[in-house]
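Trainee: I am new to this structure and would be grateful for a close look at a single part of it. Could you please take me through the nonpolar core and then show me how it sits among the other parts?

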Amino acid sequence: MDWQWLTLTLNQAFTWTLYNSLEASLLVLLILLCQQLGKKHFSIRWHHAVWFLLLWKLAVPWSIDSSISLYNWLPPSPWTSMQEAPPPTEPIVLAAEALHRNESALQPDASLANETSFSWISLLSLIWICGVAVFAITMTRSIYRLLSQLKNDLFVQDEAVLRVFSQCQKQMGISKSIPLRMSHQMTSPALMGIWRPQIWLPANLLDKLNEHELRHIFLHELAHWKRRDIPVNSIMSVLLILNWFNPLLWYAASRMRQDQEMACDALALTYLQETEIPRYGYTMIKMLELYADAKQIHFTAGFSSSKKQVKRRIEMIRHFQKRAYTWTLSGIVVVLALGVFTLTDPKKALGNEQTFVVPAEGTIKSPIDQTIGLQILNDLNTPVQAAASGKVIKAEYDTKTGKGNQVILEHEGGYQTIYSHLEKLEVTAGATVTQGQLIGLLGSTGRSTGPHLAFQVLENGIPVDPMKLLKNSKTQQ
């Protein structure tokens, strides 16, 4: 197994997930703000539908670059750099100080070539994937245990109940066969199943509710099916596994389920006469009294909820009007605006790209050990210049990695450039340099068999191919 390729792939997946989760957090805050400001202006349906922007953001890994994207204000993501960088022969590291590679002009030291560097991003990636595995196994086991307990539950045979259920299906225009089952495991009526949906009712529920109350429950559960809430909840559960480290997304998923229940209430109420709407609220209160400890189960959609949420739902029912389930022009505009600003990727403003120049004259070669960088061969004491304007963060002899005299510059846009094996240093740490300024003389210090400059570029701590940046700079000039 190619462990180096596996490490790079895992680091890429974690880096993208982490950055995308940060962007999604900003979207969550915007959604909550819009919901609060538009509480009396947007429909009940809108309050749930706007969460689909979050699902899209978390699930779709690619989007259009835009200069008006909200994320242009965030630090640049290392994801692009990692995609463009060829697979290295050593694990990727983030800090320049940890980039311990051995490059030589002709023959690299074999013992150094086998050295491995500690990478904290690899450690975080390992923790992340272990968390994903734990959450996935835990969720799978809980679902499997529940299904094992439910598989022998009996189907409802009461003709009067089945007649009410059939009338509700016909009224909502649902022709698909959806069985009714009774269970001692369920603490609330719930719809389960994407392709073969079934509705489970708590044991003895039929003895405690009258025909009107059963109709309210059936309309609510069928509303879940009509709105395709089970697939939506399933997708969100999977996305939460991948983003288990982000508590704001867990809160967003909880709010989404609450808004989902209210949207189902609103849809069910559209099939009731105005005089029957208050009874729907009484049914909800009765269910709360009967099953006060209703539990939320993954990949299901139920009727009951917490006391706090029931109070919110009752308040909605009191002021319900038929148009509460329809879209408004203002709601559509807000959703489109949020999509334009948050479902696009950041794009650098034209003309602000970092430019680089070749740091020294000579013959440019790629390292024999396939290190991401360049070797520039020339005579001893050939001038070495800064590839771009920036600040000197290191200018000293490196005794740990055999790179000899080394200069590291920090530039705008998250870039760093590294110049190794210099004969002489012409700058000191903390100094500011301009593009083309002399920073040292080409040499053969450290572990090296001939005069050369080892030149490397990092973008957000990730090594990238310098030739791509040098080509882009030539094109711009």
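Mentor: What follows describes the chain as a whole, then the core, and then some other places in the chain.

The model is a predicted one. The chain has 477 residues, and 50% of them count as buried. Its secondary structure comes to 14 helices and 16 strands. The accessible surface is about 23,800 Å², and carbon and sulfur atoms account for 59% of that area. If one takes the contacts between residues at least 6 apart in sequence, 73% of them join residues at least 24 apart.

We may now turn to the core. The largest nonpolar core is made up of 41 residues, and those with the most contacts inside it are Ile 199, Phe 218, Leu 222, Leu 269 and Ile 317. Several elements each supply at least two residues of this core: the helices are H7 (159-172), H8 (211-226), H10, H11 (277-290) and H12, and the strands are S2 (180-183) and S4 (198-202). Helix H8 gives the most to this core, with 7 residues.

Phe 218 deserves individual attention. This residue lies in helix H8. Phe 218 counts as buried because its relative accessibility is 0%, and the cut-off for a buried residue is under 20%. Apart from residues up to four places away in sequence, Phe 218 touches Val 161, Val 164, Phe 165, Cys 168, Leu 180 and Leu 201. One of these partners, Val 164, is 54 residues from Phe 218 in sequence, yet the two are 8.4 Å apart in space, C-alpha to C-alpha.

Ile 277 offers a second point of view, from helix H11. Ile 277 has a relative accessibility of 8% and therefore counts as buried. Once neighbours within four places in sequence are left aside, Ile 277 is in contact with Leu 269, Ile 317 and Phe 320. Two of these names are already familiar, since Leu 269 and Ile 317 are among the residues with the most contacts inside the largest nonpolar core. Ile 277 also lies 8.2 Å from Arg 318, C-alpha to C-alpha, with their positions 41 residues apart in sequence.

There is also a second, separate core of 28 residues, which includes Ala 24, Trp 46, Leu 53 and Ala 252. Ala 24 leads us to Lys 57, a residue of helix H3 (residues 52-59). Lys 57 is a charged residue by class, and with a relative accessible area of 5% it is buried. Beyond its neighbours within four places in sequence, Lys 57 is in contact with Asn 20, Glu 23, Ala 24, Leu 27, Tyr 71, Thr 342, Leu 343 and Asp 345. Of these contacts, Leu 27 is 30 residues away along the chain, and the C-alpha atoms of the two residues are separated by 8.6 Å.

The second largest pocket may be considered next. Its volume is about 820 Å³. The lining has 24 residues, and Lys 39, Lys 40, Phe 42, Ile 44 and His 47 lie nearest the centre of the pocket. Helix H1 (3-37), helix H2 (44-49), helix H10 (247-269) and helix H12 (307-318) each give two or more residues to this lining. Helix H10 gives the most, with 4 residues. By class, the lining divides into 8 nonpolar, 9 polar and 7 charged residues. Helices H10 and H12 thus appear here as well as among the elements that supply the largest nonpolar core.

Finally, two residues have a backbone feature worth noting. Asn 381 is not a glycine, but it has a positive phi of about 70°. Asn 381 is placed in the loop between strand S8 (374-377) and strand S9 (383-385), and it is partly exposed, with a relative accessible area of 39%. His 421, also not a glycine, has a positive phi of about 65°. His 421 belongs to strand S12 (residues 415-425), and it counts as buried at 0% relative accessibility.

Definitions and conventions:
Residues are numbered from 1 along each chain as its sequence is written. This is a predicted model: local features need pLDDT of at least 70, side-chain atom pairs count only at pLDDT 80 or more; totals for chains, interfaces and linings use all residues. Side-chain values use heavy atoms; hydrogens and water are left out. Buried means under 20% relative accessible area, exposed over 50%, partly exposed in between (1.4 Å probe, protein chains only). Contact means heavy atoms within 4.5 Å. Accessible areas come from the Shrake-Rupley method with a 1.4 Å probe; for residues, only the protein chains shown count as cover. On a 1 Å grid over the protein atoms alone, a cavity is a set of points where a 1.4 Å probe fits but cannot get out, and a pocket is an open set with protein on both sides within 12 Å along at least five of seven lines; lining residues have an atom within 4 Å of a point. Grid points are joined across faces, edges and corners, and a volume is the space filled by probe spheres set on the points. A nonpolar core is a set of buried Ala, Val, Leu, Ile, Met, Phe, Trp, Tyr and Cys residues joined through side-chain atoms within 4.5 Å.
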